[in-house]
Amino acid sequence: MLEDKLLIWKFNRGNREALRGIYEKHKDDLVTLAAALLTDVNLAEDVVHDVFVSFIESARKFRLTGSLKGYLATCVANNARNRIKANQRRYGMALDGANPTAADSDSPEHRAMFGENLSRLSYALEQLPYEQREVLMLHSYSGMKFRTIARQQNISINTVQGRYRYAIDKLRSMLNGEVRK
């Protein structure tokens with residue numbers, strides 16, 4: 001946290017090395033989050049790069065009020081949601097509907113991202129409704145609190161907790177009890 005504040009302080013003053021430090025520190029986690037939400041590694045990388053382009057544009061005025069990782073994860077989730085909605089408008093698919101990138105799930109990039117041992121979990125995550133997958137990933141992987149997710153999504157904390165609980169229960173049933181809270 002202190003390291004992030006120092007990086008932000010330098011970033012606000014135009015230090016390119018600080019931006020590189022922020023990017024290198026958080027890019028893998030953010031791409032993994034985006035890939036889990038979008039189930040497409042290439043699109044996930046695009047989303048993360050778009051987030052960092054917007055982040056660069058805010059260089060002089062950005063103020064960190066919480067966790068930098070949480071802030072960036074929120075930006076990635078919002079951008080991923082916007083991409084999915086754009087595809088929904090363009091191709092008529094729902095957030096948790098048919099996934100046009102599922103055929104890419106056995107690509108080398110996907111295997112490298114999730115590893116051989118996590119392919120079942122990756123597949124199970126793809127089967128979750130998008131809203132549940134997003135809450136699960138923001139809470140479990142990015143470490144965001146339910147209250148923060150609720151505020152960010154403009155829904156009640158009970159809804160967030162319910163989505164999380166349903167996601168865990170569905171994963172547990174798909175993976176035969178291999179996933180624990």
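Two residues are in contact when heavy atoms of one lie within 4.5 Å of heavy atoms of the other. Keep that in mind as we walk through this predicted model, beginning with one residue close to the start of the numbering.

That residue is Phe11, and its place is in helix 1, which covers residues 2-12. If we set aside the neighbours within four places in sequence, Phe11 is in contact with Ala18, Leu19, Ile22, Phe55, Ile56 and Ala59. One of these partners, Ala59, is 48 residues away in sequence, yet the two C-alpha atoms are 6.4 Å apart in space. Phe11 has a relative accessibility of 3%, and because buried means under 20%, Phe11 counts as buried.

Now step back to the whole chain. Its secondary structure comes to nine helices and zero strands, so in this case the pattern along the sequence reads α-α-α-α-α-α-α-α-α. The chain has 181 residues, and 44% of them count as buried. Its accessible surface comes to about 10,300 Å², with 50% of that belonging to carbon and sulfur atoms. What share of the contacts between residues at least 6 apart in sequence join residues at least 24 apart? The share is 64%.

Next come the helix pairs. Two packed helices are described by the angle between their axes and the distance between those axes. Let us take helix 2 (16-38) and helix 3 (41-57). Their axes come within 8 Å and cross at roughly 140°, which means that helix 2 is oblique to helix 3. The crossing is right-handed. On the helix 2 side, the contact is made by Leu19, Ile22, Tyr23, Leu30, Val31, Ala34, Ala35 and Leu38. Helix 3 contributes Val41, Leu43, Ala44, Glu45, Val47, Val48, His49, Phe52, Phe55 and Ile56. By class, these residues divide into 16 nonpolar, one polar and one charged. Some of the names should look familiar: Leu19, Ile22, Phe55 and Ile56 are also among the contacts of Phe11.

Between these two helices runs a loop, and Thr39 lies in it. Phi of Thr39 is near 55°, a positive value in a residue other than glycine. Is Thr39 buried or exposed? With a relative accessible area of 4%, Thr39 is buried.

Helix 2 has a further partner in helix 7. The axes of helix 2 and helix 7 come within 9 Å and cross at roughly 160°, which means that helix 2 is roughly antiparallel to helix 7. Here, too, helix 2 passes its partner in a right-handed crossing. Asp28, Asp29, Thr32, Leu33, Ala36 and Leu37 in helix 2 meet Tyr130, Arg133, Glu134, Met137, Leu138 and Tyr141 in helix 7. Sorted by class, the contact has seven nonpolar, one polar and four charged residues.

Follow helix 7 (residues 130-141) onward and you reach helix 8 (residues 146-153). The axes of this pair come within 10 Å and cross at roughly 135°, which means that helix 7 is oblique to helix 8. Their crossing is right-handed. Which residues of helix 7 meet helix 8? They are Glu134, Val135, Leu138 and His139, and their partners in helix 8 are Phe146, Ile149, Gln152 and Gln153. This contact has four nonpolar, three polar and one charged residues. Glu134 and Leu138 also appear in the contact of helix 7 with helix 2.

Past helix 8 comes another loop, which leads to helix 9 (157-174) and holds Asn154. Phi of Asn154 is near 60°, again a positive value in a residue other than glycine. Asn154 counts as exposed, at 71% relative accessibility, whereas Thr39 is buried.

Our last stop is Ala167, in helix 9. Ala167 is buried, with a relative accessible area of 0%. Leaving aside neighbours within four places in sequence, Ala167 is in contact with Leu128, Gln132 and Leu136. Ala167 and Leu125 are 42 residues apart in sequence, and their C-alpha atoms are 8.6 Å apart in space.

How values were computed: Residues numbered from 1 in each chain as written. Predicted model: local features only at pLDDT ≥ 70, side-chain atom pairs only at ≥ 80, totals over all residues. Heavy atoms only, no water. Axes fitted to C-alpha atoms, helices over the stretch in contact; angles between N-to-C directions. Helix = DSSP H or I, 4+ residues; strand = E, 2+ residues; numbered from the N terminus. Parallel < 35°, antiparallel > 145°, perpendicular 65-115°, else oblique. Left-handed = near helix turned anticlockwise from the far one by under 90°. Nonpolar A, V, L, I, M, F, W, Y, C, P; charged D, E, K, R; others polar. Buried < 20%, exposed > 50% of the residue type's maximum accessible area, 1.4 Å probe, protein only. Areas by Shrake-Rupley, 256 points an atom, 1.4 Å probe, with all protein chains shown as cover.
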